[in-house]
Structures are given as C-alpha cells and as structure tokens.
Amino acid sequence: MAFDKAFIESIRDRISIVDVISRYVPLTRKGKENWGCCPFHTEKTASFSVSEDKNFYHCFGCGAHGDVITFIMQTQHLSFIEAIEKLCHDAGIPIPVATEEQKRRDKESHDLYEVLQMAADYYKEKLFSDEGMVGLEYLRKRQLSDEMIANFHLCYAPAGRDNLIQYLKGKGVPLKLILDAGLARVSDRTHTPYDYFRERVLFPITDSRGRIIAFGGRIMIKDDSLPKYLNSPESLVFSKGRNLYGLAQARIAAIESKQVIATEGYMDCISLHQFGFKMAVAPLGTAITEMQIELLWKLAPEPTLCFDSDGAGRKAGIRAALRVLPILKPGYSLRFCLLEGAKDPDEFLHAYGHEKFQEVLDSKCISLSDILWMYFTSDRDVKTPEQRAGLEEDIKRELSRVKSESIRKFYLDEFNQRMRRQYSKLASVKKTVIPKANPENLNEKMILAFSIAYPNLFAKFLESGKKIELSHPVYKKIFDEVIREVSVNPHTRETILRYLNDKGFNPQVLLKFEIESLVKNPEEASKLLDEKVLRFDLEKLETEFKDLNVQLLTVSGDEVEKVREKIQAVKSEMQNIKDKLEEV
C-alpha cells in the first residue's frame, strides 16, 4: 500500500535515526554528531556521521547520504514501502488505515499470493507422484540435488485440461481468481477454461520476500507447436521486467559477498547455487531491463552478467551494455563473464567445477567499457580520417545517453585514449626523449636496453630464429635500427652507441638504456634477457586473449568456432610461456 506524505514525515520525526543506525553500526558521540565506520564502503577511520538534529547521515569517504528510511532501504535491500513497514514494526507504530481503493488492491494481492501458493503445493505433490515421474527424471538427469529441488520449490504440472482448475475450485477458489493469477486461460474456440501449465516442469518465481508470484515452465513432451519455455502472464503481483528469478534465495549471499551473478536461464541459476555460487539470479525470459539492473545494484555495485556463449547470449550482453547507459551512476557498473568450453554456466560447472568457474569470475570477466569499445569498433574500417571521425561521432552519440556528466566525461576520455593508441600515426622519434617506463612498456624498454648493452649477445639470440616486434613507437624505431646493424656487423656497447648517434639519435636518450649495473656477466645477462622476452611475449598474448574474448561477443555463425579455436591456441601458448618462466 502507499503512504501519504504526512505519515512518511511523521516516521522521520518519531523514529531516532541514531537509535536505528546504532543497531547496525557502532557509533561514538563527538560533540553534536555521532561517528562510526561507514557500512557502505570499507574503511578503518570513521568518516560516517549521523546527526540526530538534522535527521540524516553522511559519509565523508564515499558520499553516502540519506535519512532513516534510506538507510534501511540500502542496508537491508528493501523497497521504500518495505522499509517503512519494517521501521513501523520495530518501533511499534501502527500503520495507517488504507483507503478503500488501497484495501481493495491489497486484498486482491493477498488473494493472489494465496492461490499461487496453493497451486505450488499442488504442483509440488504432483512432482513426486507417478504423474510427475517424467519431470523428476528430467531434474535428476540435469543433476539437481534434492536440496536444490526443495530450495527452489521445483514442481510439475501434469497432463490434463483442467486438473488444477478443478483442484482449486474444490478448495473454494473462484474461477476469476484462478484466471487473474495466470493459472488458467479461457479458450477462444470453446470458451471454456483450461490449465495454463500442462506437462511442464515448473520453476516457481518469487518476490524478494519469498512469496510466489508466478511460474516458469519447461515442456516435457515433443511438440513443436508449443513453446519450450513458458512464463506466467503478467498480473497484479507479477511483472517480468521488475523481478528476478532466485532473488529471495540469493539475497543474503549477495549482500554478504557484495557480489551478484545474473545468468540467462533458470537451470543456470540453480546450478550456480548448487556449486556454491549462492548469489546467482536470472532475468525472466526477457532481455535484462533497467528495473532488473536497479535490483541488481541494490545487491552489489558491479553485478556480473553471465550469458550463454551462443550468438543470442552475446547479443544479450551487448543489449545490456547499451541499456545500462542512461541509468549509470557513479560507483555502479556491470561486468561481463565470458565462458569457454561450454555453451552456458550449467554445462560449464558440470564439466569443470567450482574452481574453474571462480577463476573465470576472478580473471576472465571484461568491463563495461571493454564491451562497449568492441561494439563500436567491431567489423569497422577506421583507416581514413573520415572513418575515424565517423567512429568518434557514433561514440559521442551513444554516450550522450549517459545522464551522469562525470561518467560521460570519463567514458569520452577513455575512448579518446583508445582511439589515439590504436589509430594515430607513429611520429618520428629523431631527437626524441624517451618517456618514463610504465607497466605497459617496461619489458620493451628492458629488451631494447639489452640490445644496446650486449649487441653481440643479442645478435646470437636473434640467430636462433626468435623474432621480436616492439609496439612502443620510440623504442621500436631505435630497436629496429639496432637489429639491422648487429645482424651484419659485430658491435660493443660503445660502438653501437656511436653508430646510433651517427644515425641522428640523441646520445642523452640512448644513455638511459644503462643496464650493465643490473647484471654481473654476459651469462647472467643472457638469462635475464630470456626472462624479459618471455614476459614480453606473455603480455602480448594476454592482450590478444582479452581482445578475442571480447570479439566472441560480437561474432555469429561459423565465426564463433573460429574465434574459439584462436582463444584455445592463445591460451595454450600462454601456458607454455608460463611453464618456461618457471624454468628460467
């Protein structure tokens, strides 16, 4: 039910914000304010202030701000109405009598919850009867445990035109209520009612409080005229775009871990729970909506979307990335999980287990910016200034949908940097000062330093057939010159420096490649060189691996298998290099 503004204000005035928050956060009074460690981010020094006089809290660390109702909503992950009901219950404040219209809607909702629960009890009984044997065998074949079947209240709708209707009528439930609950329909041909679900394994859908609001059904017979999956029609208590499957079961685990995984199907969600990922939920047979993303954000600031690896799943990932743009807010985003070796999380978990899936979550997910960049640049020529300008305009147009000015600015900066790195022409490096090394080019700088400090040793290294392509434009220009010279003429460090100086390179720049102090003899230098080249190769492969995984989201048809083969080949090369590094 809805509450009028006067009652909401009275809640704020009558309930002590300090008393409520101190139940969840230890507070210390200092002057007029109360201080504690913020419950919304990790900190060691208290920056979370609660003011009784001003009736609000504020964190000077993360910026969290609100009143007593907001605090309960955010910490307990409740809706506005649920938060008020909880505060009233805890404080012993009577909830005001609803209007006649509110009373009518509340009674209708209550009646729908009751009849849906009665239907679930009926369907559950059928699952463990002879009629439901086919459904139970299906669940066993999918390797679901008895615990998961019970936790998710799985059940079965048997064959027969009106079995459920007759059962509920026998319990005194009027036909109109059965129809309003989405449990039956009236035939257009015969004008008689029939059960909406027949010969289907059923997945009860609940709200955040665990009340059954709908069902999803998976067909158990071969009939191409019937949909494989069927959801309840929308009702007073059920809206597909405003709910998530498994939310009630995942809520506590998600809040405690500050992680939530959204996957495509009911079975994927249940399998994740069975394998220990109890923070998993699923959309309800539709592309994920803004409301569902908001629900995910109530559980964790950066939900992981784990879609199937087929073309439809990858397209769903891109749709989600575009859909989230208008509602992005500071501190909240999405991650995208890419599975290899299986078409969906259920198959992956049964093939590889908990640890491998955790490894994917920890190191194989890509960011929202990565998937957007792939969307903008996939299958697109950007060789000419006009093509690059077109790309820039498309990026600006899409990002104009981001309402947060600060987020929009950072995304534009991010994509501008990517465009400069990928498409700008390499400038001449004559008389150029070497930039400070960073994690992206440190190994390249070290390799170049070896080529100058030990040119003859490096020449022998190249004779083994090893090819090295540096990407940094400054280092590449000098390195290529060194390689050309040492491959035909013997050199010492002094002679190669003189040669490079004669070629127009700045002597002060070249002297920055001083590494002889790092190694004691050529043998030690050779080992260090081997290590640096291996790490250099590994970095390039890791970048390629990440790019291929992002590319996998955009291809379809035969291209999917080709990209997967490339991913496996790169993965194998990466492992070979890691093995060699252990030996060095």
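Let me start with a sheet in this predicted model: five strands form an open sheet in the order β13-β12-β14-β15-β16, and the pairing within it is mixed. At its edges lie β13, residues 280–281, and β16, residues 366–367, each of which pairs on one side only. As background, strands of a sheet pair through backbone hydrogen bonds, and they do so either parallel or antiparallel. For the edge at β16, the partner is strand β15, residues 335–337, and the two run antiparallel, joined by two bridges. If you want one position to look at on the screen, Arg 335 stands opposite Ser 367 in β16.

For the wider setting, the protein chain has 584 residues, of which 46% are buried, and its secondary structure comes to 24 helices and 16 strands. If we take the contacts between residues at least 6 apart in sequence, 66% of them join residues at least 24 apart.

Now to the helices, beginning with α15, residues 368–377, which packs against α16, residues 385–399, at an angle of about 135°, the two axes being 10 Å apart. That angle makes α15 oblique to α16, and the crossing is right-handed. Which residues of α15 and α16 meet? From α15 they are Trp 373, Tyr 375, Phe 376 and Thr 377, and from α16 they are Leu 391, Asp 394, Ile 395 and Glu 398. Sorted by class, this contact of α15 with α16 holds five nonpolar residues, one polar and two charged.

A second helix pair can be described in the same terms. Helix α11, residues 266–274, packs against helix α14, residues 345–363, at an angle of about 25°, with the axes 10 Å apart. Because angles under 35 degrees count as roughly parallel, α11 and α14 are roughly parallel to each other. Their crossing is right-handed. On the α11 side the contact is made by Met 267, Asp 268, Ser 271 and Leu 272, while α14 brings Pro 345, Asp 346, Leu 349, His 350 and Phe 357. The residues of this contact divide into five nonpolar, two polar and two charged.

I would like to stay with α11 for a moment. Is this helix largely enclosed or largely open? Eight of its nine residues are buried, so α11 is largely enclosed by the rest of the structure. The buried residues are Tyr 266, Met 267, Asp 268, Cys 269, Ile 270, Ser 271, Leu 272 and His 273. Just after the helix ends, Gly 276 takes a positive phi of about 100°.

Let me turn to the region around β4, and to the strand that precedes it. Strand β3, residues 48–51, is joined to β4 by four bridges, and the two run antiparallel; within that pairing, Ser 49 has His 58 of β4 as its bridge partner. Between β3 and β4 there are four residues, making a hairpin, and in the turn Asn 55 has a positive phi of about 65°. On its other side in sequence, β4 is joined to β5 by two bridges, again in an antiparallel arrangement, and here His 58 has His 65 in β5 as its bridge partner. This second hairpin has five residues between its strands, and Gly 63 in the turn has a positive phi of about 90°.

In general, the side chains of a regular strand alternate between the two faces of the sheet. In β4, Tyr 57 and Cys 59 lie on the covered face, whereas Phe 56 and His 58 lie on the uncovered one.

The loop between β4, residues 56–59, and β5, residues 65–66, also contains Cys 62. Is Cys 62 buried, exposed or something in between? Cys 62 has a relative accessible area of 38%, which makes it partly exposed. Leaving aside neighbours within four places in sequence, Cys 62 is in contact with Cys 38, Phe 40 and His 41. Cys 62 and Glu 43 are 19 residues apart in sequence, and their C-alpha atoms are 9.8 Å apart in space.

My last stop is Glu 485, which sits in helix α20, residues 473–486. With a relative accessible area of 10%, Glu 485 is buried, because the cut-off for that class is under 20%. Apart from residues up to four places away in sequence, Glu 485 touches His 491, Ile 496 and Tyr 499.

Notes:
Residues are numbered from 1 along each chain as its sequence is written. This is a predicted model: local features need pLDDT of at least 70, side-chain atom pairs count only at pLDDT 80 or more; totals for chains, interfaces and linings use all residues. Side-chain values use heavy atoms; hydrogens and water are left out. Axes are lines fitted to C-alpha atoms, for helices over the stretch in contact, and angles run from 0 to 180 degrees between N-to-C directions. Angles under 35 degrees count as roughly parallel, over 145 as roughly antiparallel, 65 to 115 as roughly perpendicular and the rest as oblique. A crossing is left-handed if the near helix is turned anticlockwise from the far one by less than a right angle, and right-handed if clockwise. Contact means heavy atoms within 4.5 Å. Ala, Val, Leu, Ile, Met, Phe, Trp, Tyr, Cys and Pro count as nonpolar, Asp, Glu, Lys and Arg as charged, and the others, Gly among them, as polar. Two strands pair if DSSP finds at least two bridges between them. Buried means under 20% relative accessible area, exposed over 50%, partly exposed in between (1.4 Å probe, protein chains only).
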